[in-house]
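Colleague: I'm new to this one and would like a tour. Could you show me how to read a few of its features?

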Amino acid sequence: MRRVLASERDQSAGAKPGHRRGKSAGALPPVYRRRHYLTVVAFLVVIALIGAGNTENMYQISVFNNALTISVATVGLYFAYQLGGMFAFSQAAFMGIGAYTSAILSPDYGFVFSAGVALIVAAVLSYGLAFLLRNAKHMYFAIGAMAFAEIVVLVLRNWEVTAGPTGGGNLYGIAPPSVAGYEFPLPGDIFWFLLAVLGVVLLLSVLLERSPLRRHSLAVKAIPQVTESNGIDPRRSAMTLFTYGSTLGALAGVLQAHSLGTIAPESFEVGVSINLFLMLLLGGAGSLWGGVAGAFFLTWLPEFLRPVKEYETVVYSLLLLAVIVLFPNGIVGAISWLAEKARGWTGRKGKAANHA
Amino acid sequence: MSNFVALLFSGLTLGAIYTLVSLGIVILYKATGIVNAAQFGLVGLGAYIAFWASTDAGMPLLVSYLLSIVVMALVGVGLERLTYAPLRTRPVDSVFLSTLAGGFAFVGLIVLWYDAEPRSLRSLFGLDTVTILGAPVPKHSLFVIVVCAIAVAALSWAFNRTDMGRQVRALAFDRDAARLQGIAVNRLSIITFALASAMAGLAGILLGPVAALTPEMGLSPMLFAFGAAIIGGFGRFGGVVAGAVLLGLAEQFGGGYISTNWREIFPFAVMLLIIAFRPEGLFGGEASARL
Amino acid sequence: MTMLSISGLRVQYGNTVAVDGLDLPMAASGALALLGANGAGKSSTLKAVSGLVPYEGEIVFDGVSLRGMSPERIARLGLIHVPEGRRLFGNLTVLENLRVGMTARGRRGGGYSIGDVFDLFPALREIPGQMAWTLSGGQQQMVSIGRALVGNPRLIMLDEPSLGLSPLVSQTVYEALRQIAAQTPVLLVEQNFSAALRICDQAVVLANGRSVYTGDVAGLEDGQLLQNAYFGPSESSAKS
Amino acid sequence: MLEAKDIRVKFGGNTAVDGVTLSLDEGQVVGIVGPNGSGKTSFLNAICGIVPATGSLTLRGRQVPLGRPLKVRAAGLSRTFQTPQVFEDLTCVENVMLSDERFRRTGFLGATLARRAMLRDEHERTERALRALATVGLAALRDQLAEGLAYGQARYLEIARALAGRPAVIALDEPSAGLNAEETKRLADLLRSVSEEGVSLLIVDHKIEYLSRICDRIDVLELGRLIASGPPERVFKDPAVIEAYLGT
């Protein structure tokens with residue numbers, strides 16, 4: 001017992017990245033030895049540096065804020081779809097649930113409390129939906145999730161509480177985020193708040209990646225029947241990840257509501273969920289960084305497509321088709337594949353053991 | 001009473017349209033194993049081709065309808081040539097996602113061709129109505145119901161009585177064993193792709209006068225069509241038709257007796273509950289393990 | 001004249017080599033038994049011939065090379081495969097299964113009629129409208145063979161027809177096979193050696209994907225060679 | 001250790017397993033043989049809960065409901081499959097860590113709030129996995145993705161996973177399929193050493209020769225019924241068994 005505790009203490013103090021134990025018998029599987037934390041810190045620093053330069057430029061920073069907000073939703077989609085194997089066409093709907101709950105509560109209860117309630121509501125609803133559809137597989141679940149999403153949008157559009165039906169569900173004048181009295185009035189300030197939230201989300205996600213949950217969900221997604229005869233309930237890990245992913249979707253909705261100040265049901269429809277899928281797949285569904293890369297790429301793309309606005313839908317869908325059929329590993333997949341080659345890791349065949 | 005009859009007929013009309021879209025999806029799945037979520041784009045395309053033919057090209061309405069159906073059949077053949085090989089071997093969920101993306105590509109094309117502004121497609125019967133049991137029922141609704149009934153009768157006859165129908169059912173059950181009997185799978189897949197696209201186009205044409213013409217007009221009907229297919233267990237046509245009518249009536253009666261704003265919630269709720277509690281469908285059927 | 005000639009056949013699934021360089025010439029008439037223990041490569045050989053699995057080597061049927069041909073085209077040439085486990089279309093009736101079998105006639109036409117099949121298997125005459133998934137093992141086997149016969153086979157391949165059949169039922173099935181073999185060449189994969197003996201004149205015994213015996217069935221009378229092929233070389237007579 | 005009474009499996013009109021009763025004591029190795037289509041694999045799938053079946057099953061004295069794979073595994077019965085089932089996207093050590101009677105702290109809470117305890121479990125699971133990998137001789141491949149494994153190695157990985165999950169009984173479905181004579185011999189030695197650690201083995205297979213060397217008892221199935229049961233020497237001489245194999 002003594003020996004295990006020693007190596008364990010060493011491991012859990014692994015907050016300081018890069019301390020690699022030799023390949024001794026007790027070493028945990030490779031996923032635990034990846035330098036996740038380092039990558040998160042590096043990413044945040046890079047974005048902070050780029051962002052700091054533009055906080056005055058209103059236009060640039062709002063695109064940045066949008067990318068940071070959407071990244072939270074696509075990281076959530078990574079957990080629900082890529083790890084959990086669940087067709088989360090409901091992701092945009094959960095963004096809507098988060099956005100409206102916090103927008104409606106925040107004038108009376110303040111930002112932090114209402115955001116908390118929004119996440120809890122989303123977690124309960126998403127767990128309920130996953131439980132309700134636990135026997136529905138693949139396409140059936142997708143249709144069920146879409147039906148749920150359509151119901152949510154109808155509710156937002158017609159419920160008096162969400163300024164329906166006369167107001168068409170459009171809410172205005174939503175206060176910017178404020179934490180413990182500290183306000184983030186201007187888009188430049190909101191940028192730092194969003195970056196901090198994304199940082200927390202990424203760190204929490206890395207904790208999930210470095211845990212049995214990831215191993216179980218990948219196994220369940222591959223061959224569910226075999227995991228069951230090995231003692232793993234295929235539904236439990238998938239439902240957990242769907243709930244976590246949808247709750248992150250709600251958090252993105254909260255951030256969107258309080259950074260833009262206005263929200264409307266149209267921005268939470270099924271089409272938006274499909275765009276989130278596009279971002280995740282384009283970025284590279286193989287890792288949570290795919291979600292972030294896809295979100296940044298596709299929030300910048302419309303800026304380039306500005307002159308040919310009406311082509312946007314065609315370009316988006318052809319892009320999604322190309323990604324699925326031509327290069328399933330997306331941007332991050334390609335990068336890690338190149339990194340693999342660069343390191344000349346001839347011994348390792350095919351995909352790297354686990355993406356960073 | 002007359003309110004009930006009016007709602008009944010408008011429910012049946014929607015049910016008929018969902019049936020046409022749903023049968024297109026089910027038949028294509030049985031023959032090729034591909035779940036075609038691009039159907040909603042084809043519904044829109046069919047409606048817009050009829051709109052173009054009847055307004056810009058000035059053709060008579062009936063001719064525009066037929067032209068649209070023929071063009072949609074050719075689009076189906078093109079789709080088969082383009083997507084059948086790559087999609088054939090891929091897992092169900094990535095097929096669903098890529099066909100869904102394909103559907104939005106069609107929507108994009110429509111937006112490029114016209115624009116996103118809602119339009120409307122005239123019906124063969126204009127706005128004439130006929131009174132049944134005291135309720136003014138649009139002739140177009142009766143036309144839709146009759147056309148759908150004919151289509152369902154023809155399809156179930158073909159499926160149960162003809163060689164080709166049996167071959168498609170054999171393919172759906174055990175693809176390799178069916179090929180060992182000499183069934184020409186490539187020819188069948190072209191025919192079913194053309195048939196499914198034509199039916200989607202027809203659904204678009206019939207839906208035009210009932211709902212506004214928008215590039216994404218096919219999305220909700222396709223969702224309900226998938227719901228109907230699931231209720232019918234992706235199997236015998238009877239189950240699929242019943243599922244479609246159930247959803248159509250749920251929408252109209254919900255809208256009529258509870259609230260028009262909320263009317264689409266009822267069919268979606270019915271769908272959600274059925275997928276949750278009876279994923280194999282209300283009417284059994286042969287939902288093969290692959291789904 | 002050889003109806004079917006297999007030369008240097010090699011079938012591989014991932015890392016497992018199922019058939020490793022098999023040569024099998026089949027005369028234009030009579031019945032050949034392909035024997036061997038489970039996993040010896042019998043079924044894989046048939047699946048290669050009927051185009052279901054990729055293979056290396058050459059397969060020529062009636063002078064035509066089958067390389068690259070799809071299973072449906074091979075079937076329409078008259079080379080009909082009755083698969084292992086019968087694989088009827090459970091969602092179709094007995095009659096409908098037979099009707100689907102007629103597709104293999106293609107432009108050639110001819111072949112057994114439904115009536116001929118019912119004469120051969122009287123038990124089916126009472127259940128034409130019954131759904132196939134409700135049939136017993138024996139009934140399924142009869143329909144499966146009937147489904148091949150209506151396709152006008154010029155060579156019929158059967159994969160373990162007596163699998164899971166009671167001795168009585170397998171008796172009737174083999175009686176029917178004897179009549180069929182009189183008119184159409186039969187390539188029979190079978191584990192039930194003595195049943196195969198009754199209708200086949202030629203035999204090839206497979207072990208680990210290679211043929212360890214090719215020739216008259218008479219050569220296998222003493223059973224020692226078969227014993228080795230089935231139960232593995234016993235300690236005493238272990239060769240190299 | 002394992003009591004299966006009157007197990008029956010029907011597929012449509014076809015009865016695959018027709019009332020088979022079989023028992024297994026601790027550390028005992030039983031082989032199940034029979035010609036193709038005799039219901040061997042269906043029997044195995046029935047007691048593992050993968051195929052709907054009737055009859056009763058008790059493991060370590062406790063009654064276990066049929067048709068519930070999770071319950072069967074929790075009661076101590078783990079298994080391998082006819083074609084080896086490995087998770088290609090996971091490393092070998094992770095593959096082997098996927099089997100246990102009960103998984104605690106492997107969910108969201110384990111990864112976050114109860115992380116310290118989770119890591120302790122993970123360490124213990126890794127230790128067990130490495131020991132099992134060493135037993136089957138795959139220790140060197142611990143961090144390699146399972147997709148690169150050869151067929152025989154995948155077979156051994158599955159056995160390691162079954163072993164690592166602290167089972168009372170391991171059921172093996174044709175473990176020697178696709179293995180040559182030399183690999184089969186190595187498999188036989190491995191299975192014998194596993195049984196010597198007190199784990200009972202139920203082996204469904206064809207190669208009689210290696211089974212007769214390592215099995216305490218051989219049960220012969222034909223057409224879903226048990227037609228012979230006893231020590232290998234006696235069973236393989238029994239005319240009824242020879243007839244079942246080579247036909248009347």
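**Helices, a sheet and the chain contacts**

Modeller: Let's start with a helix pair, keeping in mind that this is a predicted model. In chain B, helix H2 (residues 39-56) packs against helix H3 (residues 61-88) with an angle of about 140° and axes 8 Å apart.

Colleague: How should I read that angle: is H2(B) oblique or roughly parallel to H3(B)?

Modeller: Angles over 145 degrees would count as roughly antiparallel, and about 140° falls outside that, so H2(B) is oblique to H3(B). The crossing of H2(B) past H3(B) is right-handed.

Colleague: Which residues of H2(B) and H3(B) make the contact?

Modeller: H2(B) brings Leu42(B), Leu45(B), Gly46(B), Ile49(B), Ala50(B), Ala53(B) and Ser54(B). From H3(B) come several more, among them Leu61(B), Tyr65(B), Val71(B) and Val75(B). Sorted by class, this contact has eleven nonpolar and four polar residues, with no charged ones.

Colleague: On to sheets, then. What holds the strands of a sheet together?

Modeller: In general, strands pair through backbone hydrogen bonds, either parallel or antiparallel. In chain D, four strands make an open sheet, ordered S2-S1-S4-S5, and the pairing is antiparallel.

Colleague: Which strands stand at the edges?

Modeller: Those are strand S2 (14-24) and strand S5 (62-64) of chain D. Each has a single partner strand, so one side of each has no neighbour in the sheet. On average, neighbouring strands here are turned by 25° against each other, ignoring direction.

Colleague: How many bridges join S1 and S2 of chain D?

Modeller: Strand S1 (residues 2-11) of chain D pairs with S2(D) over eight bridges, in the antiparallel sense. To pick out one spot, Ala4(D) has Leu22(D) in S2(D) as its bridge partner. There's also a helix on this sheet: H1 (residues 40-47) of chain D touches S1, S2 and strand S4 (54-59), and its direction makes about 115° with that of S1(D).

Colleague: Now the chains. Which pair has the most contacts?

Modeller: As a general idea, the size of an interface is often given as the accessible area lost when the parts come together. Here we can go by contacts: of the four pairs of chains that touch, A and D have the most. That contact takes 37 residues from chain A and 46 residues from chain D.

Colleague: Which element of chain A gives the most to that side?

Modeller: Look at H8(A), which gives the most, with seven residues. The side of chain A that touches chain D has 17 nonpolar, 13 polar and seven charged residues.

Colleague: And which chains don't touch?

Modeller: Chains A and C don't, with their nearest C-alpha atoms 16 Å apart. Chains B and D don't touch either, and there the nearest C-alpha atoms are 14 Å apart.

Technical notes
Residues are numbered from 1 along each chain as its sequence is written. Chains are lettered from A and ligands numbered from 1 in the order in which they are written. This is a predicted model: local features need pLDDT of at least 70, side-chain atom pairs count only at pLDDT 80 or more; totals for chains, interfaces and linings use all residues. Two residues are in contact if their C-beta atoms, placed from the backbone, lie within 7 Å. Helices (H or I, at least four residues) and strands (E, at least two) are DSSP runs, numbered from the N terminus. Ala, Val, Leu, Ile, Met, Phe, Trp, Tyr, Cys and Pro count as nonpolar, Asp, Glu, Lys and Arg as charged, and the others, Gly among them, as polar. Axes are lines fitted to C-alpha atoms, for helices over the stretch in contact, and angles run from 0 to 180 degrees between N-to-C directions. Angles under 35 degrees count as roughly parallel, over 145 as roughly antiparallel, 65 to 115 as roughly perpendicular and the rest as oblique. A crossing is left-handed if the near helix is turned anticlockwise from the far one by less than a right angle, and right-handed if clockwise. Two strands pair if DSSP finds at least two bridges between them.
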